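Student: I have the model open. Can we go through how its parts pack, and why the terms fit?

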Amino acid sequence: IKTAKILVTGGAGFIGSNLVDELIEDNEVVVVDDLSMGRLENLPVSRHLHFFHQSINNKEFMEKLLIDWQFDYIFLLAAVASVADAIERPYETHEINQNANLHVMEVIRVHQLPVKKVLFASSAAVYGDHPTLPKKETSPIRPLSPYAIDKYATERFLISYGKLYGIPTVVTRFFNVYGPKQNPQSPYSGVLSLIHAAIRQGKVFTIFGDGEQTRDFVYVSDVIKALQLLILHEQALHDVYNVGSGQQVSLKTMIKHFEAICQQALRLTYRQPRAGDIYDSGASIEKICALGYQVQFAPRQGVAHYIKSYR
Ligand code: UD1
């Protein structure tokens, strides 16, 4: 994207800040982030960056921002991203994960803002524990938590607003994203950020279950490529796309990659599986690949790049 006005909600967070790094060279980028999980240090220093320390739930602020700026592209990445957190405070997180995003669409509709496309970041969580793998966009939807329900409902709202009111939209379903700037501070942070922190600090890492559970781990640079492709591709319209690596890999295999690349053993301890944990997960990425998406970082390459970026 070039010479555009772009809004990234959650732009100081893990995925958001990696996206801002890519966009900032050639565009004016506005970031709205309440810094609940995001960090200012994640953001580049640039006169093209306009940072607002605000919640997307501040409706007055968001309305004014959207009207004042007349954005070309909008990436809705802000969320309470922890499923566990959403289970603790379902009503509060609903305000952010669903209503605040719906409000953005409503402001665009009411003021007929000329946005070229709005992208909403949904989650593989919408598939729940349905056993057929890999998950396709057409697989059964079984949202099992308030978090997943909000993600799914917001997907539908976005697409429905898109079709009814002529606002171009697209939705991504992220699988297990990992890489630089992922915050390892909560026990519910992405497992690879916790492994990365443990191996660097020589700390013990706890495996919940037998470690043979599988996930589709996708490196953040590949996710950023997917976001840019989907926001620009004219065929990616009012539709949903899985974003993953297309490889289903066990936790133990990922740990082996970390150990091989760091040339150091990770100290392990085992506990009971987490309540509500899904054993296996994997993405079909055929749909996005048909638009020209290519995975650059297979799991081992991704881990190597992740570790190198901290040296
Ligand atoms: C991920 C998403 C979640 C989404 C779900 C949908 C993250 C952080 N979470 O959850 O938002 O709803 O996919 O598919 O991306 N584990 C350990 N030890 C630890 C931490 C985790 O063994 O210290 C295990 C977990 O029990 C799990 C696996 O690692 O089996 C992955 O955990 P996690 O990174 O939290 O992601 P998901 O549970 O897949």
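Student: Why is helix 4 called roughly parallel to helix 5?

Tutor: This is a predicted model. In it, helix 4 (residues 90-110) and helix 5 (residues 146-165) pack at an angle of about 10°. Angles under 35 degrees count as roughly parallel. So helix 4 is roughly parallel to helix 5. Their axes are 9 Å apart.

Student: Which residues in helix 4 meet helix 5?

Tutor: Among them are H94, N101, L102 and M105. On the helix 5 side, the residues include Y147, F157, L158 and Y161. By class, this contact has ten nonpolar, six polar and three charged residues.

Student: What makes helix 8 oblique to helix 10?

Tutor: Again, the angle. Helix 8 (residues 251-262) and helix 10 (residues 299-308) pack at about 50°, with axes 9 Å apart. Under 35 degrees would be roughly parallel, and 65 to 115 roughly perpendicular. The angle of about 50° is in neither range, so helix 8 is oblique to helix 10. The crossing is right-handed.

Student: Which residues meet there, in helix 8 and helix 10?

Tutor: M254, H257, F258, I261 and C262 in helix 8 meet P299, R300, V303, A304 and I307 in helix 10. The classes are eight nonpolar, one polar and one charged.

Student: How many residues does the contact take from domain 1 and from domain 2?

Tutor: Domain 1 is 5-175 + 219-243, and domain 2 is 177-216 + 247-308, by the domain assignment. The contact takes 31 residues from domain 1 and 30 from domain 2. On the domain 1 side, helix 7 gives the largest share, six residues. That side divides into 18 nonpolar, eight polar and five charged.

Conventions. Residues are numbered from 1 along each chain as its sequence is written. This is a predicted model: local features need pLDDT of at least 70, side-chain atom pairs count only at pLDDT 80 or more; totals for chains, interfaces and linings use all residues. Axes are lines fitted to C-alpha atoms, for helices over the stretch in contact, and angles run from 0 to 180 degrees between N-to-C directions. Helices (H or I, at least four residues) and strands (E, at least two) are DSSP runs, numbered from the N terminus. Angles under 35 degrees count as roughly parallel, over 145 as roughly antiparallel, 65 to 115 as roughly perpendicular and the rest as oblique. Two residues are in contact if their C-beta atoms, placed from the backbone, lie within 7 Å. Ala, Val, Leu, Ile, Met, Phe, Trp, Tyr, Cys and Pro count as nonpolar, Asp, Glu, Lys and Arg as charged, and the others, Gly among them, as polar. A crossing is left-handed if the near helix is turned anticlockwise from the far one by less than a right angle, and right-handed if clockwise. Domain bounds come from an automatic or database domain assignment.
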